[in-house]
Structure formats: C-alpha cells, structure tokens
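Here are my notes on the model, set out point by point. Please read them with the structure open.

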Amino acid sequence: MKNIFLQAQWRNLILANYEFDPSDLKKYLPHKTELDFFNNRCLVSLVGFKFCDTKVMGFKIPFHTDFEEVNLRFYVRYKAPDLHWKRGVVFIKEIVPKPAITFVANTLYNENYATMPMRHLWKNGKMLEVAYAWKHQNFWNRLKVTAAPDPVSFAPDSEEEFITEHYWGYTQVKATTTAEYGVEHPQWRIHPVEKYDISVDCKAVYGEAFACLQNQVPNSVFLAEGSEIKVLKGNLI
C-alpha cells in the first residue's frame, strides 16, 4: 500500500498561466530537474483553490481541514533512474491563512510557504463565480473568474492538459539534493471562463523577478473543478 501523507479535496482551482523567460527560472530549478515546455513555451501559473476535508496521516487537524491556498509555480521534468520522465512542478511561493501549516511546511519540508489573511467567494447561479483574495502590505490581491456552470473535458495535448497533469512536486533541499513527492488525482474537467479579474502586486508578493507578471496578459485562464487528491510521502533524489 502506498504511503499517503495527506488526503484532501482540491476544489474550484483558478489557473492563470503566463509565458515567462526561462533564463529567469534557472536559479529556482532543484537539482536534477529541468524546465518542461509546452509548445516551446515556458509557463508559470498563478493558482488559487480551496483545501477541503483535509487529513494528515489519516487524521483531521482541528481548524485546519478547510482553507484557501494561492501559489505561483512553474513546470519541470526529472529523468528517473529507469530513464522515464516524471513531469512535476516547483513552487515559488505558497500562501495559506494558517500559520501552523506554514511552520510545518517550511521547517520540515523546506517549502516556501507564507501566511497571509485570505478569503474566497464561491457563487453558483446562471454563471459560476469563484474568487480568492489574500492581503499583503494592506493590499488585497485577488484572482476572480466568471465561468460556465457545467464542466467539460479538455482536449488532448491542450494547454489545460499540460497545466493540470504534472503529478510530481520538486523542492530544493540542498545544492545537490532534491525532495520529490507524488500527487494523485483523476483527470479534471474545466469550467469555460467567460471573464476574469486579476489584481496582484507581483513585485511585492513574489519579488522583483516576477514583477513583469503584474501587467502581463495571461496566455490562458481556466477554472478546474478539482477532486479528491492524495499527496504521497516524499523521498530524496
């Protein structure tokens, strides 16, 4: 039986995807990983979603089962010892509203979590409205979409498939050591987005290297319905 570290539901994922200069990401690459490209383009994604019904090692932690997360990530691949490629993500920063999550993730797993006040909106009607907001330096950053209420499957070899089907996470532990963990979930469907509203102080939240995203039009924005997920215990490579 696989070693499961975390079980939860990831729901209503907003994914705003931007083309990015690959040379500006090389310093963030964990050991033994390389950038993964979609149609010769390097992408970074700003992702907002909600954790629901979260269990760690099979246990629900009081007051830590339902919470928002917003992260900035990019896409990599790693050639395993059996010579097949694993496709994964590297996180620039993960924002959550719970300081205990930040402490554990940063201390034990060398992740780059930050704690900020957060809120979300889910509104069902003729259209589906989903929004995530986080407060940094007295400014409420936001990701918001209005989408069709009925989800549809995405096309094979599409950007949506590329973005959502990277099933590994990689984190640099030391200069020559990388932590690897797997994420399991079924293929997601998407709600076609009619309009979006993105207002993020990228320089303040993510640093000078990502300030260019602030006024950049995203390549795509879509809303994934999400599912139950499993995060497996990691190992070092």
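**Strands, cores and pockets**

1. Start with a turn. β8 and β9 form a hairpin with two residues between them. Within that turn, Q137 has a positive phi of about 55°. Bear in mind that this is a predicted model.

2. The β8 (128-136) and β9 (139-147) strands are antiparallel and are joined by nine bridges. One bridge sets Y132 against L143 in β9.

3. β8 has another partner. Strand β7 (residues 118-123) runs antiparallel to β8, with six bridges joining the two. R119 stands opposite A133 of β8. β7 and β8 also form a hairpin, here with four residues between them.

4. Is β8 enclosed or open? Seven of its nine residues are buried, so β8 is largely enclosed by the rest of the structure. The cut-off for buried is under 20% relative accessible area.

5. β4 is likewise worth a look. Eleven of the 13 residues of β4 are buried, so this strand is largely enclosed by the rest of the structure.

6. Which strands pair with β4? Strand β2 (residues 33-35) does so in the antiparallel sense, over three bridges. β3 is antiparallel to β4 and is joined to it by eight bridges. β5 pairs with β4 over ten bridges, again in the antiparallel sense.

7. Individual bridge partners help to fix the register. E34 is matched with R77 in β4. R77 also stands opposite R87 in β5. On the β3 side, V47 faces N71 in β4.

8. The β4 and β5 strands form a hairpin with five residues between them. L83, in the turn, has a positive phi of about 75°.

9. Next, the largest nonpolar core. This core holds 39 residues, and L46, F74, W134 and Y206 touch the most other members. Elements that each supply at least two residues include β1 (4-19), β3 (43-56), β4 (67-79), β8 and α3 (202-206). β4 gives the most to this core, with five residues. In soluble globular proteins, nonpolar side chains tend to be buried together.

10. What does Y206 touch beyond its neighbours within four places in sequence? Its contacts are L46, V70, L72, K93, I95, W134 and V200. Apart from the largest core lies another core, of 29 residues. V47, Y75, A105 and Y113 are among the residues of that other core.

11. The largest pocket has a volume of about 1,000 Å³. Its lining counts 47 residues, and F5, L6, A105, Y113 and V231 are the closest to its centre. Helix α1 (residues 99-109) provides the largest share of this lining, six residues. By class, the lining has 30 nonpolar, eleven polar and six charged residues.

12. A105 and Y113 deserve a second glance. Both belong to the core of 29 residues. Both are also among the lining residues closest to the centre of the largest pocket.

13. The second largest pocket contains about 220 Å³ of space. Its lining includes K27, Y28, P30, N110, E111 and N112. β5 and β10 (168-174) are the elements that give two or more residues to this lining. V90, F91, I92, Y170, T171 and Q172 also line the pocket. Six residues of the lining are nonpolar, four polar and two charged.

Key
Residues numbered from 1 in each chain as written. Predicted model: local features only at pLDDT ≥ 70, side-chain atom pairs only at ≥ 80, totals over all residues. Heavy atoms only, no water. Core = buried A, V, L, I, M, F, W, Y, C linked by side-chain atoms within 4.5 Å. Buried < 20%, exposed > 50% of the residue type's maximum accessible area, 1.4 Å probe, protein only. Contact = heavy atoms within 4.5 Å. 1 Å grid on protein atoms, 1.4 Å probe; cavity = no way out; pocket = protein on both sides within 12 Å on 5 of 7 lines; lining within 4 Å. Points joined across faces, edges and corners; volume = space filled by probe spheres on them. Nonpolar A, V, L, I, M, F, W, Y, C, P; charged D, E, K, R; others polar. Pairing = 2+ DSSP bridges.
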